[in-house]
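Reader: Can we walk through this one together? I'd like to start with the basic terms.
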Amino acid sequence: MAILEILEYPDPRLRTKAKEITEADFTPALQTQIDNMFETMYEAPGIGLAATQVDFHKRLFVIDVSEDKSEPLVFINPEIVEKRGQEVMEEGCLSFPGVYAKVERANEIVVKALDRNGEAFELDTGDLLAVCIQHELDHINGKVFVDYLSPLKQRRIRAMLEKQQKKKLKAG
């Protein structure tokens with residue numbers, strides 16, 4: 001397995017709309033990609049990682065909201081079929097190091113997807129897992145969580161991250 005590079009905002013590739021995964025895509029290479037995404041997410045550390053964030057533009061993300069990294073979930077070609085309620089939760093993102101912001105989302109959802117073996121499943125969930133699924137689904141749709149913020153907050157975050165990236169380049 002390998003640690004993949006996580007794209008950081010404002011990288012334009014984060015705005016790429018991911019393509020459907022077809023039956024022909026279920027290959028050993030896809031399984032390796034999924035394993036590498038889990039390893040990258042756990043190492044970061046994070047609780048979710050979309051394929052778009054690692055420059056793989058397919059409709060795929062991985063999540064594990066468990067304390068002990070024991071509940072890995074794979075979502076391929078996910079689709080939210082129902083949303084219930086609203087809640088505001090502070091979110092962070094591996095593509096936005098050090099940035100946290102309050103985002104309003106549905107607090108319960110029903111999602112349909114394929115697992116890593118191409119088997120269809122449906123999940124009715126709430127709280128952190130529901131928020132995480134919506135966050136990662138945004139990524140594969142070319143959307144990032146700061147899109148929910150005011151233009152002023154978006155400009156401040158962009159300036160802060162660009163400054164951090166310049167420092168990294170000078171140090172590296």
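Author: Sure. Buried means under 20% relative accessible area, exposed means over 50%, and partly exposed is in between (1.4 Å probe, protein chains only). By that rule Cys 132 is buried, at 7% relative accessibility.

Reader: Where does this model come from?
Author: It is a predicted model: local features need pLDDT of at least 70, side-chain atom pairs count only at pLDDT 80 or more, and totals for chains, interfaces and linings use all residues. Residues are numbered from 1 along each chain as its sequence is written, and side-chain values use heavy atoms, with hydrogens and water left out.

Reader: Back to cysteines. How many disulfides are there?
Author: Zero. A disulfide is a pair of cysteine sulfur atoms within 2.5 Å. For Cys 93, the nearest cysteine sulfur is that of Cys 132, 9.9 Å away.

Reader: And is Cys 93 buried or exposed?
Author: Cys 93 is buried, with a relative accessible area of 10%.

Reader: New topic. What is the volume of the largest pocket?
Author: About 320 Å³. A pocket is an open set of points on a 1 Å grid over the protein atoms alone, where a 1.4 Å probe fits, with protein on both sides within 12 Å along at least five of seven lines. The volume is the space filled by probe spheres set on the points, which are joined across faces, edges and corners.

Reader: Which residues lie nearest its centre?
Author: Ile 47, Glu 91, Gly 92, Cys 93 and Leu 94. In total, 21 residues line the largest pocket. Lining residues have an atom within 4 Å of a point.

Reader: Which element gives the largest share of that lining?
Author: Helix H2 does, with five residues. H2 covers 127–140, and strand S4 (87–92) also supplies at least two. Helices (H or I, at least four residues) and strands (E, at least two) are DSSP runs, numbered from the N terminus.

Reader: What about aromatic pairs, how many are there?
Author: Five. Rings of Phe, Tyr and Trp (its six-membered ring) pair if their centres lie within 6.5 Å; planes under 30 degrees apart are stacked, over 60 edge-to-face, and the rest tilted. Tyr 9 and Phe 96 are stacked, 4.6 Å centre to centre, with 25° between the planes.

Reader: Why does that pair tie together parts of the chain that are 87 residues apart?
Author: Because Tyr 9 lies in the segment before helix H1 (28–43), while Phe 96 lies in the loop between S4 and strand S5 (100–105). Phe 96 is buried, at 1%. Tyr 9 is buried too, at 7%. Together with Phe 145, these two form one aromatic cluster.

Reader: Okay, charges now. How many salt bridges are there?
Author: The whole structure has 13. A salt bridge is a side-chain nitrogen of Lys or Arg within 4 Å of a carboxyl oxygen of Asp or Glu. One of them joins Asp 147 and Arg 15, at 2.7 Å, N to O. This pair links distant parts, 132 residues apart: Asp 147 is in the loop between H2 and helix H3 (151–171), and Arg 15 is in the segment before H1.

Reader: Which residues are linked in a network of salt bridges?
Author: Glu 82, Arg 84, Glu 108 and Asp 124. Within that network, Arg 84 meets Glu 82 at 3.0 Å, and Arg 84 meets Glu 108 at 3.0 Å.

Reader: Is Arg 84 buried or partly exposed?
Author: Arg 84 is partly exposed, at 24%. Glu 82 is partly exposed as well, at 36%.
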